[in-house]
Amino acid sequence: MTSQRTRDRMVGRLAGQGIRDTRVLEVMAAEPRHLFLDEALAHRAYEDTSLPIGHGQTLSQPWMVARMTELVIQEAPARVLEIGTGSGYQTLILSRLVPELWSIERINALHRRAGPRLRLLEAHNVRLRMADGGHGWPEEAPFDVILLTACAGELPEPLLAQLADGGVLITPLSTASGSQWLTRVQRRGDTFETQRLEPVRFVPLLEGVIR
Ligand code: SAH
């Protein structure tokens, strides 16, 4: 149930659901999503569903990971910041496709589990930090792409400020009525062009840290 065959089937479904970028499909066919789940859930790793990772958080469904990865790499970024490491699965997929990656998680227990997994899988181009990602990672800015894997209520100013000129922020963003839209924001000098992509469902971006 955690075999290459189940992974290939998952990737076949992703292609059928409109994921076009063969680099994303190849990486997702190769990487062990089941290692990012508790043993009791590992057999469900390649189903097209989000799965709990503890602390009220979820590992996004494979389609969502694929879609966000596609959006990130189409910018051909050199430096990428991810907010919401969670299990580290999205981090791993991205790490195979971008030169340098920074990822922040606010829940210490998740942060501490993600590190060893990523090291075991030799994702040596990733740096992790336990912090409130809403403040970004100022010492490493600017970033070509900033990706949020939790839903913001509004665009966090510090993150916009840490985008390179021409850089792109990709985030789920909630509207007043409570719906969530995957949103792409591109920086042009001091102006920010916002584009709504598709409806999504994510856990909320929260403030502060949990030690
Ligand atoms: N990409 C993750 C999905 C995690 S769910 C994966 O592949 O497993 C979203 C994650 O964002 C959760 O782990 C949550 O704790 C984290 N998060 C929410 N608000 C945050 C913030 N302000 N800073 C950093 N991480 C945050």
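A nitrogen atom of the ligand lies 3.3 Å from a polar backbone atom of G84. The table lists this and two further polar contacts, a polar contact being a pair of N or O atoms within 3.5 Å.

| Ligand atom | Protein partner | Distance |
|---|---|---|
| nitrogen | G84, polar backbone atom | 3.3 Å |
| nitrogen | G133, polar backbone atom | 2.7 Å |
| nitrogen | L206, polar backbone atom | 2.6 Å |

On its own the ligand has 580 Å² of accessible area, and the protein covers 99% of this (Shrake-Rupley method, 1.4 Å probe).

This is a predicted model, in which local features need pLDDT of at least 70, side-chain atom pairs count only at pLDDT 80 or more, and totals for chains, interfaces and linings use all residues. Residues are numbered from 1 along each chain as its sequence is written, and side-chain values use heavy atoms, without hydrogens and water.

Around the ligand there are 26 residues, of which S87, E105, D132, G133 and L206 come nearest (a residue is near if one of its heavy atoms lies within 4 Å). The shell divides into 12 nonpolar, 10 polar and four charged residues, with Gly counted as polar. Strand 2 gives the most to the shell, three residues.

The protein chain has six helices and nine strands (DSSP runs of at least four residues for helices and at least two for strands). Its radius of gyration, taken over C-alpha atoms, is 16 Å, close to the 17 Å that the globule rule gives for 211 residues, so the chain is as compact as a globular protein of that length. That rule is 2.2 Å times the number of residues to the power 0.38.

Notes: Polar contact = N/O pair within 3.5 Å; in protein donor to acceptor, adjacent residues only side chain to side chain.
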